[in-house]
Amino acid sequence: MTTPASRPELPRRIPVGDLVRYYLRLGAIGFDGPVALVGQMEKELVEERRWLTKDEFREGVAVCQSLPGPLAIQVGIFISYIRGGFWGAWAGGWAFIVPNFLFVAALGALYVHFGDLPPVKGIFYGVSPAVIALIFASCVRLAKLGMDDRLQWGIAAACFIVTVAVQAEVALLFIASGAFGILSYGTVLRKRTAAPTLPLLAAVPAKAFAATASAGSILGQLLVFFLKAGSLTFGSGLVIVPFLEKGLVQQTGWLNGRQFLVAVAMGMLSPGPVVITATFVGYLVAGLWGSLVSTIGIFLPSFLLVLIVAPVLIRHRRNPNVQGFVKGAYAAAIGTIMGAGILLGKIAIGDWLTALIGLVSLVALARWKVSNPLLVATTAVIGLVGFELLKPTWVLVK
């Protein structure tokens, strides 16, 4: 066992090539959802490779969870920024996304040309409860990483209750929890602090993006829609689905209800964040160019937000008010992630087999440390067989 003094010093700079290779691999095998991916990054980059400290990782998760957009991608961009600089952030972030884009664009082409892909329901049926188990297992890991006292657990409990009650993640929870953290941990006598300005930066791109593309063409409309989705939607995984469903089915009519549910399934079954659903939607609406424009639209706000916030966070890292905000926002993240897991569980678990898959998956992750890809592959096979035997009618039904 090594002592702190005998451990190698953390590198100040990671070569961009190393960042790209790591995130290409993670993007290709990350079938576990955003929370599980964050947990995997914590294990590999903090504990194994020692690319960054626990405190740096904690700060990254807290600030990214306080921003709109996909959590895992934003954490990857943040880590790439603090270890690879501005260009490292762009290279590492897009390397994380590219495998997801290629995978889902290919699925979109198959769906357009060959129909409804009957095996999708069976795979969705088996993998979904395993994904719920991965969410809760990773949440436990993240809680061990950043939850220090009862006050943080109280914040997490309140955010959990609110998330389940309103059936969505509430953006104001993170801002309110961060402000409460400033009052509890910071220097409340200061009239001006840097911490409250961090989440408010999230509102800047939303106004700017409104004029970035013309609504005169379908590609322009796709770009504007997904820029707004990436800028305004606080949530991870299927928690953002109501926003997308309203825009894609009810407002624009680009998809019917069945196509939308298939798109969500593709997002869940692909590596990376569920918001990669945008790639599939774009392909259905406007082919390959539509998938590319939609992918850029959904992820571009994440790059801009993290690159705006990261320098501010690094500059004021030692400020007690910033630290207080991080503690409060991190606790809110734990609570809302747990709440999101409950909400997703209602979609993923609908009979005895899916409940059993979820329970066994959770035990396997906790006790035997089974690898995530192996778990996904195994539950996909179980889902295909079980779906044919049980023929459940509730899968992919709104």
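# Close-ups: helix crossing, salt bridges and local spots

**View 1. Helix α3 passes helix α5 in a left-handed crossing.** Left-handed here says that the near helix is turned anticlockwise from the far one by less than a right angle. This is a predicted model, where local features need pLDDT of at least 70 and side-chain atom pairs count only at pLDDT 80 or more, while totals for chains, interfaces and linings use all residues. Residues are numbered from 1 along each chain as its sequence is written, and side-chain values use heavy atoms, with hydrogens and water left out. Helices are DSSP runs (H or I, at least four residues), numbered from the N terminus. The axes of α3 (residues 54–65) and α5 (residues 119–146) come within 10 Å and cross at roughly 120 degrees. That angle makes α3 oblique to α5 (neither under 35, nor over 145, nor 65 to 115 degrees). Axes are lines fitted to C-alpha atoms over the stretch in contact, with angles from 0 to 180 degrees between N-to-C directions. On the α3 side, Lys54, Phe57 and Arg58 make the contact, and they meet Leu142, Leu145 and Gly146 of α5 (contact: heavy atoms within 4.5 Å). Sort these residues and you get three nonpolar, one polar and two charged, with Gly counted as polar.

**View 2. Arg83 and Glu56 pair up through a salt bridge.** Their N to O distance is 2.9 Å, against a cut-off of 4 Å between a Lys or Arg side-chain nitrogen and an Asp or Glu carboxyl oxygen. The two partners come from distant parts of the chain, 27 residues apart: Arg83 belongs to helix α4 (residues 71–114) and Glu56 to helix α3. Both Arg83 and Glu56 are buried (under 20% relative accessible area with a 1.4 Å probe, protein chains only; exposed is over 50%, partly exposed in between). The structure holds six salt bridges.

**View 3. Asp148 and Lys327 bridge distant parts of the chain.** Here, too, the salt bridge has an N to O distance of 2.9 Å. Asp148 sits in the loop between α5 and α6 (150–166), whereas Lys327 is in helix α14 (residues 320–348), 179 residues away. Asp148 counts as partly exposed because its relative accessibility is 44%. Arg58 joins in as well, linked with Asp148 and Lys327 in a network of salt bridges.

**View 4. Glu388 and Lys391 form a salt bridge.** The closest N and O atoms are 3.8 Å apart. Glu388 is exposed, at 52% relative accessible area, and Lys391 is exposed at 56%. Lys391 falls in the segment after α16 (372–390). Its phi is near 45 degrees, which is positive in a residue other than glycine.

**View 5. Arg50 has a positive phi, near 55 degrees, and is a residue other than glycine.** Look for Arg50 in the loop between α2 (34–48) and α3. With 25% relative accessibility, Arg50 counts as partly exposed.

**View 6. Ser291 and Thr277 share a helix.** Ser291 is in α13 (residues 277–315), and Thr277 has its place in α13 as well. Ser291 is buried, with a relative accessible area of 0%; Thr277 is buried at 2%. Setting aside neighbours within four places in sequence, Ser291 touches Phe101, Ala105, Thr279, Gly282 and Tyr283. On the same basis, Thr277 is in contact with Ala263, Val264 and Gly267.

Notes. Helix = DSSP H or I, 4+ residues; strand = E, 2+ residues; numbered from the N terminus.
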